[in-house]
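This report describes a single protein chain for a reader who has the sequence and the coordinates at hand. It begins with a local backbone feature and then turns to the charged side chains and the chain as a whole.

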Amino acid sequence: MTPRSYILAVLAAVCIVTLLCSQGAPVSPTGAHLLLCQSHTRCGDKFYDPQQHCCYVDAVVPLGRTQKCGNCTFRVCFEQCCVWPPIRQDTFVVKVRGQECSLAQSSDDRLCSSVS
């Protein structure tokens, strides 16, 4: 191959990669599947698809994962379990994830009794 052919081959490869990744940057694959040009989110040192999973306590979990909160269950990707009231610590309330546990109870919150 002549030097001119090498240059053309490199330019062609760069053009193809640019076209394939014009909608997003490639990310490191996390398994056997190579996922080019898709944006993914990190949880610790792992990548995940936020349409299928979330990061909960530094672990990648499915969106449908639930956990106990007193006598209630809550969806760990969308809700959080808070001790209620914050001073007495004998009851729990499920609040929207990201909302401060110390905020007053709202109509979106679910009150849950403690499990004895």
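## Backbone and salt bridges in a predicted model

V57 sits in the loop between β3 (53-56) and β4 (59-62), and the model in which it is described here is a predicted one. The phi angle of V57 is near 50 degrees, which is a positive value in a residue other than glycine. D58 belongs to the loop between β3 and β4 as well, and D58 likewise has a positive phi, of about 60 degrees, although it is not a glycine. Both residues lie on the exposed side of the accessibility scale: V57 counts as exposed because its relative accessibility is 68%, and D58 is exposed with a relative accessible area of 69%.

The charged side chains form a second topic. By the distance rule applied here, the count comes to 3 salt bridges, and they are set out below with the N to O distance of each pair.

| Salt bridge | N to O distance |
|---|---|
| E79 and R75 | 3.7 Å |
| E79 and R110 | 3.1 Å |
| K95 and D109 | 2.7 Å |

Which residues are linked in a network of salt bridges? The network consists of R75, E79 and R110, with E79 bridged to R75 on the one hand and to R110 on the other. The pair of E79 and R110 links distant parts of the chain, since E79 is in strand β7 (residues 79-84) and R110 in strand β9 (residues 110-113), 31 residues apart. Within this network the degree of cover varies from residue to residue: E79 counts as buried at 14% relative accessibility, whereas R75 is partly exposed, with a relative accessible area of 41%, and R110 is partly exposed too, at 33%. The assignment of E79 follows from the cut-off, because buried means under 20% relative accessible area and the value for E79 is 14%.

The remaining entry in the table joins K95 to D109, whose closest N and O atoms are 2.7 Å apart. K95 lies in strand β8 (residues 91-96) and D109 in the loop between β8 and β9, so this salt bridge ties together parts that are 14 residues apart in sequence. Are the two partners buried or exposed? K95 counts as buried, because its relative accessibility is 1%, and D109 is buried as well, with a relative accessible area of 9%.

These local features belong to a chain that has 1 helix and 9 strands. Read along the sequence, the helix is followed by the strands, in the pattern α-β-β-β-β-β-β-β-β-β. Of the 116 residues in the chain, 22% are buried, a group that includes E79, K95 and D109. The accessible surface of the chain comes to about 8500 Å², and carbon and sulfur atoms account for 58% of that area. Among the contacts in the chain with a separation of 6 or more, 14% are between residues 24 or more positions apart.

Notes:
Residues are numbered from 1 along each chain as its sequence is written. This is a predicted model: local features need pLDDT of at least 70, side-chain atom pairs count only at pLDDT 80 or more; totals for chains, interfaces and linings use all residues. Side-chain values use heavy atoms; hydrogens and water are left out. Helices (H or I, at least four residues) and strands (E, at least two) are DSSP runs, numbered from the N terminus. Buried means under 20% relative accessible area, exposed over 50%, partly exposed in between (1.4 Å probe, protein chains only). Contact means heavy atoms within 4.5 Å. Accessible areas come from the Shrake-Rupley method with a 1.4 Å probe; for residues, only the protein chains shown count as cover. A salt bridge is a side-chain nitrogen of Lys or Arg within 4 Å of a carboxyl oxygen of Asp or Glu.
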